[in-house]
Amino acid sequence: MALKNIRLEVMQTVEKKIDSYIDQYLIPVEEIWQPTDLLPDFQKENYMDEVIQLREEAKELGYDFWIVLVGDMVTEEALPTYESWLMDMEGVDQHGRNGWSKWIRHWTGEENRHGDTLNKYLYLSGRVNMREVEITTQHLINDGFEVGTGRDPYRNFIYTSFQELATNVSHNRVGKIAKKKGNKMLAKMCNIIAGDEMRHHLAYREFVKTIFEYDASEMMLAFQDMMQKKIIMPAQNLRQSGGKMASAFDDFSNAAQRLGVYTTFDYIDILEKLNAHWEISKISGLTDEAEKARDYLLKLPSRMMRIAERIKIPEDANRFKWVEPNGVV
C-alpha cells in the first residue's frame, strides 16, 4: 500500500471519532462567549463611561506592549489563510463535508472571535493607527504563508499542536502584563482567548497521539522533519505599509522577547512538553530511520538550549507605523 493511502486510511480511522473530539474540545455556539460579552456595550446608556475607562487604562501600557498586541491581533485576523490551508490537507473533503472539514469549520468559528475581540479593543483604545494595522492584516492574508507541511496531515497536526500552545502562552502572558498594569478588561480578553487556544492545542495534540498508535514510524519522521525545518510563526510574513514581505516579523518577535511574552525558551519548553505527552521515548516498533528520528527529537531541546543561552535580543525598539500618530515614523 502506498504511503499516501496509509495516511488516508489513518485519517479516516481517526475521523470516526471527530464528533466526540468536537464535543470534548469545542464549545457550542450558543454557549461560548462572544466578543460583545467582553467589550463596552453600546446598547447601554453608560457605554461611554466604559469606553472612557478602556481608554484611560490603555494609557498605562508601553510601546513594546502595543507592538505585541497588534502583532497578536493581526495573526488572529489572518484566519482565512489558516482555514484554506487546513482544508487542503490530504483526507479533508470539504465538498463532501466529511468529519475533518466539519472540525476545521468549527475550529475556524471559534478562532474567528479572537481577532474580532482584539481588533475592536485596539480601535476603541485610540492607541494605535488602525489604518496601518488594517493594511498589515490585508498584506498578511494576501501574502499567505508556507509552513513546511505541504498537504500532509501528519506534519500539519504537528504544526498546529505546537502553534496552538505557542499562542496560548503569548495571549496568557499579554493578559498578565495587562492585569499588572490595572487593565482588567484587556486581561480578561487575553486570558479567555488563551483558554480557547489551550483547548485547541489539546485537540491537535490528541490527533497526533492517536496517529502515533496507528502509524508510529511515519508520524515520528514527520515530527522530526517539522522540527528540523523549525516551527515558524503564522505571522512570519508580517509587514507594514510600503514594506517588503516578512520585513516586520523580526522586530515584532524582538518586542515579544523583550517583554517575555514569547521567547526562544518557550519554544524549547513546548517541544519538551510534546515529547513528554506523546511519550516519544517509549514508542516501540519503529523502523531504523524512525529510531534515529526519535533520538534526534529527544536530544534537540538540550541542543537548542545551548544556542538560546547565547542569543542577544536588541534592547532598543524599532519604530512601527502601527503605534505612531498618522502612521508617520
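Begin by selecting helix 2, residues 18-25, where I18, Y21, I22 and Y25 are buried. These buried residues cover an arc of only 100 degrees around the axis, which puts them on the same side of helix 2. An α-helix has 3.6 residues a turn, so residues three or four places apart point the same way. If you now colour D23 and Q24, you will find these exposed residues on the face of helix 2 that is turned away from its buried side. Keep in mind, as you go through the stops below, that you are looking at a predicted model.

**The whole chain**

Zoom out next and show the protein chain as a cartoon, in which you can follow 13 helices and 0 strands. The radius of gyration of the chain is 21 Å, close to the 20 Å that the globule rule gives for 329 residues, so the chain is as compact as a globular protein of that length. Turn the model about its principal axes, along which the C-alpha trace spans about 65 × 50 × 35 Å. With a surface display switched on, you are looking at an accessible surface of about 15,800 Å², and carbon and sulfur atoms make up 48% of this area. Beneath that surface, 54% of the 329 residues count as buried. Contacts between residues 24 or more positions apart account for 82% of those in the chain that have a separation of 6 or more.

**Helix 3 and its cover**

Select residues 47-58 to bring up helix 3, whose 12 residues reach 17 Å from the first C-alpha to the last, close to the 16 Å expected at 1.5 Å a residue. Which residues of helix 3 are buried? They are V51, L54, E57 and A58, and they cover an arc of only 130 degrees around the axis, which puts them on the same side of helix 3. To see what lies over these buried residues, add helix 4 (63-77), helix 6 (99-125) and helix 9 (184-214), which are included in their cover.

**Into the nonpolar core**

Now show side chains for W66, W103, Y121, L186 and M227, which touch the most other members among the 105 residues of the largest nonpolar core. Helix 9 gives the most to this core, with 11 residues. Centre the view on W66 and look for the residues that it touches beyond four places in sequence, among them A58, L61, Y121, L122 and V323. A58 may be familiar from the previous stop, as one of the buried residues of helix 3.

**Where helix 10 meets helix 13**

Move on to A293, which is found in helix 13, residues 288-308. Is A293 buried or exposed? A293 counts as buried, because its relative accessibility is 0%. Leaving aside neighbours within four places in sequence, the contacts of A293 are M220, L221 and Q224. Click on Q224 next, which belongs to helix 10 and is also buried, with a relative accessible area of 16%. Seen from Q224, the contacts outside its four-place neighbourhood in sequence are A293, Y296 and L297. For a sense of distance, draw a line from the C-alpha atom of A293 to that of D19, which lies 274 residues away along the chain, and the separation comes to 33 Å.

**Two loops with positive phi**

Select A246 in the loop between helix 10 (216-229) and helix 11 (249-259). Phi of A246 is near 75 degrees, a positive value in a residue other than glycine. A246 counts as partly exposed, at 31% relative accessibility. Then go to E279, in the loop between helix 12 (264-277) and helix 13, where phi is positive at about 50 degrees although the residue is not a glycine. E279 counts as partly exposed, with a relative accessibility of 36%.

**Last stop: helix 8**

Finish at N172, which you will find in helix 8, residues 153-180. N172 is partly exposed, with a relative accessible area of 27%. Which residues are in contact with N172 once its neighbours within four places in sequence are left aside? The contacts are N191 and A194. Add M189 as well, which is 17 residues from N172 in sequence and, from C-alpha to C-alpha, 9.6 Å from it in space.

Definitions and conventions:
Residues numbered from 1 in each chain as written. Predicted model: local features only at pLDDT ≥ 70, side-chain atom pairs only at ≥ 80, totals over all residues. Heavy atoms only, no water. Helix = DSSP H or I, 4+ residues; strand = E, 2+ residues; numbered from the N terminus. Expected span 1.5 Å × (residues − 1). Buried < 20%, exposed > 50% of the residue type's maximum accessible area, 1.4 Å probe, protein only. Arc of directions from axis to C-beta. Contact = heavy atoms within 4.5 Å. Core = buried A, V, L, I, M, F, W, Y, C linked by side-chain atoms within 4.5 Å. Rg over C-alpha atoms; globule rule 2.2 N^0.38 Å. Areas by Shrake-Rupley, 256 points an atom, 1.4 Å probe, with all protein chains shown as cover.
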